[in-house]
Amino acid sequence: MWKRRAAEEMKNEALNVVESEGTDQNQKGKTELQHPYAFHVSGPRNVSSPNWKDLINSSWKDGNYKRTVTACFIQAVYLLELDKQENRTGENALAPKWWIPFKYKLVETLIDERDGSIFGAILEWDRAAALADFVLIKPNGAPKAVLALRGTLLKSPTIRRDIEDDLRFLALENLKGSFRFSCILKALKSIACKYGSSNVCIAGHSLGAGFALQVGKALAKEGIHVEAHLFNPPSVSLAMSIRNFGEKSGVVWKRLKSMITSATETNEEEAKSITPGSKQWIPHLYVNNSDYICCYYTDPDGTDNKTAEKENAKPTDGLVPAKLFVLSKGKQKFLEAHGLEQWWSDDLELQMALNNSKLITRQLKSLYSLPPPQQTQSKS
């Protein structure tokens, strides 16, 4: 009798454990569905997936659509690293939801061997997924491959190397000495050779935009021109301002430079081999006037120029240094002005400013032809 009772108790206990595990899994699934970074929670609202209509009129010809989808791909890179850190896999992973709706697939992640973090990813057009929705060919204007790069991620596993590269840019205005630079250059060159440079796009946010700009410049030097979309790219003028302040601080600045000056020197002959803003390579820059990291692209001297005046600026030298898109929403908090999510907002109103100005040319020339740090003169 007692044996039967003990067996029944063990059976009930086992059933309770199974039910408890099932409840925990369901709760976990519900939690992931409500995650603030889930695509259906914080992603774009009015962006359609590719369909048969794109065969007639491709959505990728729309600049707003291209900007939105490209920003989503960068968000996916942030989430690839966060998924890894927070042990989300399979159906619970957040990152895939940011590229699957647009018929792309992940083919490679770029990993920093120093800390094992994911800082970039290569996404390719997913022909099989497209065919399943009767999209027989790739829409006109859609890249065959996209190299997306995240910016600084303030989490304990990644913060050290991210900040190290941030400081490298502030100190030297150059990212060539970073492990990530060579890794990105190799990956971009590889997909450009595989698909053709006209079918490849590089995109980045914040620090990732800085890498994308300088790697794009390096490839342009070799005659390889890829489409580039850069969100909140760091400004050289900001780096100069901080550096000049640091030079006045003397010892502190020397210590900062000694921490990150690992084999980064300027080659003047390299700067002469490519014209900044050449017609062959025109990066797209997206900046927010309230973001002090990139606002120097539009107002390096702190003056409050009107956008209308910028739009009426006439070409000066026949050069087109960049396509600069400016977002002005009045005063915003830094995290909001520097955030990636603003670039797929439904109410976004961008104005193309100074698409041929000396201002942007000066910024890009600084990135193309950087003087040695000790030769820079302080601003008065």
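How are H5 and H7 oriented to each other? Keep that question in mind while moving through this predicted model.

**The whole chain**

Start with everything shown. The protein chain has 13 helices and eight strands. Of its 380 residues, 48% count as buried. Take the contacts between residues at least 6 apart in sequence: 78% of them join residues at least 24 apart.

**H5 against H7**

Select residues 159-172, which form helix H5, and residues 207-221, which form helix H7. Two packed helices are described by the angle between their axes and the distance between the axes. For H5 and H7 the angle is about 55 degrees, and the axes lie 10 Å apart. An angle that is under 65 degrees but not under 35 counts as oblique, and H5 and H7 are therefore oblique to each other. The crossing of H5 with H7 is left-handed.

Now show the side chains at this contact. From H5, select Asp162, Asp165, Asp166 and Phe169; from H7, select Leu207, Phe211 and Gln214. By class, the contact of H5 with H7 holds three nonpolar residues, one polar residue and three charged ones.

**H6 against H7**

Keep H7 on screen and add residues 179-195, which are helix H6. H6 and H7 pack at about 60 degrees, and their axes are 10 Å apart. This angle makes H6 oblique to H7. The crossing of H6 and H7 is right-handed.

For the side chains here, select these two groups:

- On H6: Arg180, Phe181, Ile184, Leu185, Leu188 and Lys189.
- On H7: Leu207, Phe211, Gln214, Val215, Ala218 and Leu219.

The contact of H6 with H7 divides into nine nonpolar, one polar and two charged residues.

**Strand S7 and its partners**

Hide the helices and select residues 323-327, which are strand S7. Is S7 mostly covered or mostly uncovered? Four of its five residues are buried, so to describe S7 as mostly covered is fair.

Next add strand S6, residues 284-288. S6 and S7 run parallel and are joined by five bridges. To find one place where they meet, select histidine 284, which stands opposite lysine 323 in S7.

Then add strand S8, residues 350-352. Which way does S8 pair with S7, parallel or antiparallel? The pairing is antiparallel, over three bridges. Select phenylalanine 325 to see the residue that stands opposite methionine 352 in S8.

Terms used:
Residues numbered from 1 in each chain as written. Predicted model: local features only at pLDDT ≥ 70, side-chain atom pairs only at ≥ 80, totals over all residues. Heavy atoms only, no water. Axes fitted to C-alpha atoms, helices over the stretch in contact; angles between N-to-C directions. Helix = DSSP H or I, 4+ residues; strand = E, 2+ residues; numbered from the N terminus. Parallel < 35°, antiparallel > 145°, perpendicular 65-115°, else oblique. Left-handed = near helix turned anticlockwise from the far one by under 90°. Contact = heavy atoms within 4.5 Å. Nonpolar A, V, L, I, M, F, W, Y, C, P; charged D, E, K, R; others polar. Buried < 20%, exposed > 50% of the residue type's maximum accessible area, 1.4 Å probe, protein only. Pairing = 2+ DSSP bridges.
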